[in-house]
Amino acid sequence: MITASSYFKGMFGHKMYKASISLNGTCPNRDGSRGVGGCIFCSEGGSGEFAASGYSVTNQICQAIDQVRRKAGDNAGYIAYFQSFTNTYCEPEYLAKVLSEASSVQGVEALSIATRPDCLGPAIMEVLSRQAKKMPLFVELGLQTASDETAKSINRCYWTYEYTEAVKDLKDIRANVITHIIFGLPGETRGMMMDTVKLAVDSGSDGYKFTCLYVLENTPLEKLYRDNKVEILGMEEYFDIVEEALKLLPENAVIHRFTGDGPKKLLIAPEWTKNKRQVVNYINRRFGL
Ligand code: SF4
C-alpha cells in the first residue's frame, strides 16, 4: 500500500495539490437517461461543493492554485480535478476542449476526472486516449459497491459489470484508474464490503478512495437516517473495515483517501468526521503514516 502523497512525489518529483473544477454538469441518474433523483447520498452539487463553480476552467484552476500556493511554495505541481457530477457525460468535443484548457494552465501537470463507468463510450474514450498520451490522466470511478442489489437500493443506476469493463478500457488507454468505495452502505455486511474491494482489485484498479457513508442535507439518505432506517459507522468500526480492506490490496495499490468528510455546511452525520484534524491524527497513528 502506498499513500497518494508518496506516490505523487515519486511520479512528479515534488508535492502535488488538487485544483478542483466544477463544470456545472449533471449525470445520467439525475436527468432521467438512467434514473432520476441521483444516488441517495449525493448532494445537489454532485460532490462539487469544494470547487468554485460559475467561472471558466482556467479561472477555477488559478483560484485554487492561488489558495494553496502560500502553503505549497513554488516546488509543487497541480492536478486539475474535474470533481463534480459526471464529467464525461457530455459531447466529446466539449470534453476535449475543457481538458485541453485545463492542461495548458501553468503549473498543471496531470488531470483527474471523476465519472461513471457508463459514460465512457467510444468517442469519449478516444478523447481520453489522446489526452492520456500528453499528460498523466487519472479517471475516478464511483463504484461504491460490487453488489447490484445494494446499487439498486442506493439508486446508482448502472450494473457492476459496466465498472469492470470500463476499468479494462481505461487501462488499455493507459489511464490511471481510481475507484471510489463506500463502507457502511445500507444492508451491507462486512463480507459484502470486502467483496467490493476484491472486485476492484481483480478488475485492475490502480488507486482507491475509501469513505464511510455520510449523510448530507437534502438527500434521500437524510430521510432514511431521520427515520432510523440506516446506521452510520462509528470511527473505530469504520477504520477496522479499512484495515481489513487494506490487507486485500496489492503492494502497489495507491490509497488516495482513507475517508471522506463531506462539505461541513451540509454534513449531518457522522459527527466524528467533522473534526478533520482528529481524524487525520488517528489515521496517521493507526496506519503508521
Ligand atoms: S454520486 Fe455521481 S453518479 Fe451519483 S448522483 Fe452524484 S454525481 Fe451522479
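In this predicted model, I178 stands opposite G207 in strand β7, and a little further along I182 stands opposite T211, which also belongs to β7. These two pairs sit where β6 meets β7, and the two strands run parallel and are joined by 6 bridges.

Let me stay with β7 for a moment, and ask how many of its residues are buried. The count is 6 of 6, so to speak of β7 as mostly covered is fair. Which residues lie on which side of the strand? On one side we have G207, K209 and T211, on the other we have Y208, F210 and C212, and since every one of these is buried, both faces of β7 are covered.

Now to the sheet as a whole, where 8 strands form an open sheet with parallel pairing, and the order to follow on the screen is β1-β9-β7-β6-β5-β4-β3-β2. At the edges stand β1, residues 2-3, and β2, residues 15-21, and because each has a single partner strand, one side of each is left without a neighbour in the sheet. Helix α2, which covers residues 57-72, lies across β2, β3 and β4, and runs at about 145 degrees to β2.

The next element is helix α7, residues 190-203, and here we can do a small check of geometry. At 1.5 Å a residue, its 14 residues should span 20 Å, and because its end C-alpha atoms are 20 Å apart, the expectation and the model agree. Which residues of α7 are buried? They are M193, M194, T196, V197, A200 and S203, and these buried residues pack against strands β5, β6 and β7 as well as helices α6 and α9. After α7 comes G204, whose phi is positive, near 105 degrees.

Finally, let me step back to the whole protein, which has 10 helices and 10 strands. Its radius of gyration is 18 Å, close to the 19 Å that the globule rule gives for 289 residues, so the protein is as compact as a globular protein of that length. Its C-alpha atoms fill a box of roughly 50 × 45 × 35 Å, taken along the principal axes, and 55% of the 289 residues are buried. If we take the contacts between residues at least 6 apart in sequence, 80% of them join residues at least 24 apart. As for the surface, the protein exposes about 13,500 Å², of which carbon and sulfur atoms supply 49%.

How values were computed: Residues are numbered from 1 along each chain as its sequence is written. This is a predicted model: local features need pLDDT of at least 70, side-chain atom pairs count only at pLDDT 80 or more; totals for chains, interfaces and linings use all residues. Side-chain values use heavy atoms; hydrogens and water are left out. Helices (H or I, at least four residues) and strands (E, at least two) are DSSP runs, numbered from the N terminus. The expected span of a helix is 1.5 Å times one less than its number of residues. Buried means under 20% relative accessible area, exposed over 50%, partly exposed in between (1.4 Å probe, protein chains only). Contact means heavy atoms within 4.5 Å. Two strands pair if DSSP finds at least two bridges between them. Axes are lines fitted to C-alpha atoms, for helices over the stretch in contact, and angles run from 0 to 180 degrees between N-to-C directions. The radius of gyration is taken over C-alpha atoms; the globule rule is 2.2 Å times the number of residues to the power 0.38. Accessible areas come from the Shrake-Rupley method with a 1.4 Å probe; for residues, only the protein chains shown count as cover.
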